[in-house]
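Open the model in your viewer and keep the selection panel at hand. We will go from one stop to the next, choosing a few residues each time.

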There are 2 protein chains.
Amino acid sequence: MTIMPKLPEKTIERLSQYRRALLICLGKNKQYIFSHELAGMLHLTPVQVRRDIMLIGYSGTLRQGYEIREMIALIGKIIDSEEGLKVAVIGLGNLGRAMISYFNGKRTKLSIVAAFDINQEKVNRVYAGVPCYHIDMLSKIIRSENIPIAIMTVPGDEAAKVTESLVLAGIKGILNYTPTPVNVPANTYLQEYDMITSLEKIAYFVKQGNREEHI
Amino acid sequence: MTIMPKLPEKTIERLSQYRRALLICLGKNKQYIFSHELAGMLHLTPVQVRRDIMLIGYSGTLRQGYEIREMIALIGKIIDSEEGLKVAVIGLGNLGRAMISYFNGKRTKLSIVAAFDINQEKVNRVYAGVPCYHIDMLSKIIRSENIPIAIMTVPGDEAAKVTESLVLAGIKGILNYTPTPVNVPANTYLQEYDMITSLEKIAYFVKQGNREEHI
DNA sequence: TTAACATTGTTATTTTTTTAACAATATTTT
DNA sequence: AAAATATTGTTAAAAAAATAACAATGTTAA
Ligand SMILES: NC(=O)c1ccc[n+]([C@@H]2O[C@H](COP(=O)([O-])OP(=O)(O)OC[C@H]3O[C@@H](n4cnc5c(N)ncnc54)[C@H](O)[C@@H]3O)[C@@H](O)[C@H]2O)c1
Ligand SMILES: NC(=O)c1ccc[n+]([C@@H]2O[C@H](COP(=O)([O-])OP(=O)(O)OC[C@H]3O[C@@H](n4cnc5c(N)ncnc54)[C@H](O)[C@@H]3O)[C@@H](O)[C@H]2O)c1
């Protein structure tokens, strides 16, 4: 295993995006890609793409660009775990279901293997191949199945309580989609996403754009 | 109207988060808040909070901190449009519905006023107060209702086509949740979000965490 | 064969963002 | 009344990220 000097956080994020874009290209039977093509697909600059690729220690060829398969494989070596990691969805409502049906079958190294809910109509059913357990089973299943990552899509009021259970159950990474910010111990990796922040940012720049037009 | 020297993009993002957190505090009948409290809620440092607050030209009081209502009002002045902006959702599937039911009634300045779909079972119905039109009506409704922002939740294959229609219809900001990156002209503000990037980033850091433990 | 060209890889520079440092000061305690 | 304390506001420094510059080089064209 080659030693990889630690990569900038933003580069990690982009590696995931590169792979997504490269998989699309592969689907179109493309073999090679230039930095400016990849940049164009993802609204980045070619320099940034080349720099990221340099950081992960890959090299393209001068007149052909980068070999798509090779690059996908290398990105996998960097961001994936060899054994693969299991993921659970907590709260099988609209958002939880959307996430499962989106994710399903997309990645081999990450897989959603369990959902949890309190609603008896959802518990003990299988949704899109994913079994739904009662939330009381959380700790048991998380441990027995060895699931390190959870996507939280319960109502905001439940977020704190559920987070606590997740941490107690030994979860190491949480993706919090509830509107309620939560707290976790330092050894747990937390990411929060709120659509309203995205929208308000867009609204701000749309507003700015209008103003500029009027200057 | 005071002139606001242009704010860092990251600050804009955090302003939206501050408001969300402040609204939660207001709901608990809290009147004042310290920088370290706000920081704690959002996993930021107190310095960063104070710096942002300085940038928007607000001042707290020395032993009480910041007046929550005042701050919410000021953030509104900066990131909201006075008249309010209308938003449309394109694709009324799981994700589109999740977004509508989440958003509904949350904000006075942004409001989802229309959805579009091709599925005849969804068209001409009202979902959570939002009327769903056939996608053929896109341009007509966008223009007549004066909707500048769209949330795109159609299947990935449709993303390019739908984006083109949106741009032609005069949309100024797009939040793309499909897994397919799209292109827009320079005067249109585009933001893309993909849950897989978030998850893969979490997986990477969970993996790193494990490695560190083993050193 | 040579010149023009397009592209990569890498170092240097600039810009943006975060963090640190610390003076100022109102409040509480002694 | 003086000292201690906790907090803000702001400038300075550091760190992170993005961009620019440009040498190297294989490919194509003249
Ligand atoms: N971050 C975003 O962009 C975004 C977007 C949409 C919705 N949301 C949020 O995501 C969450 C889910 O949204 P939704 O539309 O799917 O809501 P929903 O009501 O359809 O689903 C919530 C599910 O959680 C279950 N649940 C409730 N308490 C639970 C508990 N203690 N343990 C396990 N399951 C429990 C419910 O039975 C339900 O099935 C909400 O908090 C919503 O505000 C966030
Ligand atoms: N970014 C993310 O994190 C994330 C998460 C989940 C899903 N997704 C993506 O979001 C999209 C929607 O997911 P979903 O689970 O709601 O899918 P879905 O199939 O439930 O919904 C898609 C809807 O779009 C409608 N539609 C299809 N073509 C259309 C067109 N040309 N114009 C208007 N409407 C059209 C369909 O009738 C359907 O109602 C998919 O592309 C999915 O991959 C993204």
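Select helix 5 of chain B and ligand 1 together: this helix gives the largest share of the shell around the ligand, four residues. Helices here are DSSP runs of H or I with at least four residues, strands are E runs of at least two, and both are numbered from the N terminus. The model is a predicted one, in which local features need pLDDT of at least 70 and side-chain atom pairs count only at pLDDT 80 or more, while totals for chains, interfaces and linings use all residues. Residues are numbered from 1 along each chain as its sequence is written, chains are lettered from A and ligands numbered from 1 in the order in which they are written, and side-chain values use heavy atoms, with hydrogens and water left out.

**Around ligand 1**

Now add helix 5 (94-103) and strand 4 (110-117) of chain A; like helix 5 (94-103) of chain B, each supplies at least two residues of the shell. Residues from both chains A and B surround ligand 1, so the site is shared between chains. The shell holds 27 residues, and those that come nearest are Asp117(A), Lys122(A), Val154(A), Tyr177(A) and Tyr193(A). A residue is near a molecule or strand if one of its heavy atoms lies within 4 Å of it.

Which residue classes make up this shell? There are 15 nonpolar, eight polar and four charged residues. In this count Ala, Val, Leu, Ile, Met, Phe, Trp, Tyr, Cys and Pro are nonpolar, Asp, Glu, Lys and Arg are charged, and the others, Gly among them, are polar.

Next, show the polar contacts (pairs of N or O atoms within 3.5 Å; within protein, one must be able to donate a hydrogen and the other to accept it, and residues adjacent in sequence count only if both atoms are side-chain atoms). Pick the side chain of Lys122(A), where an N or O atom is 2.7 Å from an oxygen atom of ligand 1. Then try two backbones: an N or O atom of Leu95(A) lies 2.8 Å from an oxygen atom of the ligand, and one of Gly156(A) lies 3.3 Å from an oxygen atom of the ligand. Taken alone, ligand 1 exposes 850 Å², and the protein buries 86% of that. Accessible areas come from the Shrake-Rupley method with a 1.4 Å probe; for residues, only the protein chains shown count as cover.

**Over to ligand 2**

Center on ligand 2, which lies between chains A and B. Here helix 5 of chain A gives the most to the shell, with four residues. Zoom in on the backbone of chain B: a polar atom of Leu95(B) is 2.8 Å from an oxygen atom of ligand 2, an N or O atom of Tyr193(B) lies 2.8 Å from a nitrogen atom of the ligand, and one of Met195(B) lies 2.9 Å from an oxygen atom of the ligand.

**How the two chains meet**

Hide the ligands and color by chain. How many residues of chain A are in contact with chain B? The answer is 67, facing 68 residues of chain B, where contact means heavy atoms within 4.5 Å. The area buried between the chains is about 6,100 Å², of which carbon and sulfur atoms give 64%. Buried area is the accessible area (1.4 Å probe) that two parts lose on being put together, summed over both. Select Met195(A), Glu200(A) and Lys201(A): they supply 11% of the area that chain A buries against chain B, more than any other three residues.

Now superpose the copies. A rotation of 180° with 0.0 Å of shift along its axis brings chain A onto chain B, with an RMSD of 0.0 Å. That is the relation of a two-fold axis. The fit is by least squares on the C-alpha atoms of residues with pLDDT of at least 70 in both copies.

**Along the DNA**

Select DNA strand D and the 23 residues around it; the closest are Leu62(A), Arg63(A), Ser35(B), Arg50(B) and Gly60(B). Sugar and phosphate account for 60% of the strand D atoms that come within 4 Å of the protein. For base contacts, show two arginine side chains: an N or O atom of Arg63(A) is 2.4 Å from a base nitrogen of strand D, and one of Arg50(B) is 2.8 Å from a base oxygen. The side chain of Gln48(A) has an N or O atom 3.2 Å from a phosphate oxygen of strand D.

Finish at DNA strand C. An N or O atom in the side chain of Arg50(A) is 2.8 Å from a base oxygen of strand C, and a polar side-chain atom of Tyr66(A) lies 3.0 Å from a phosphate oxygen.
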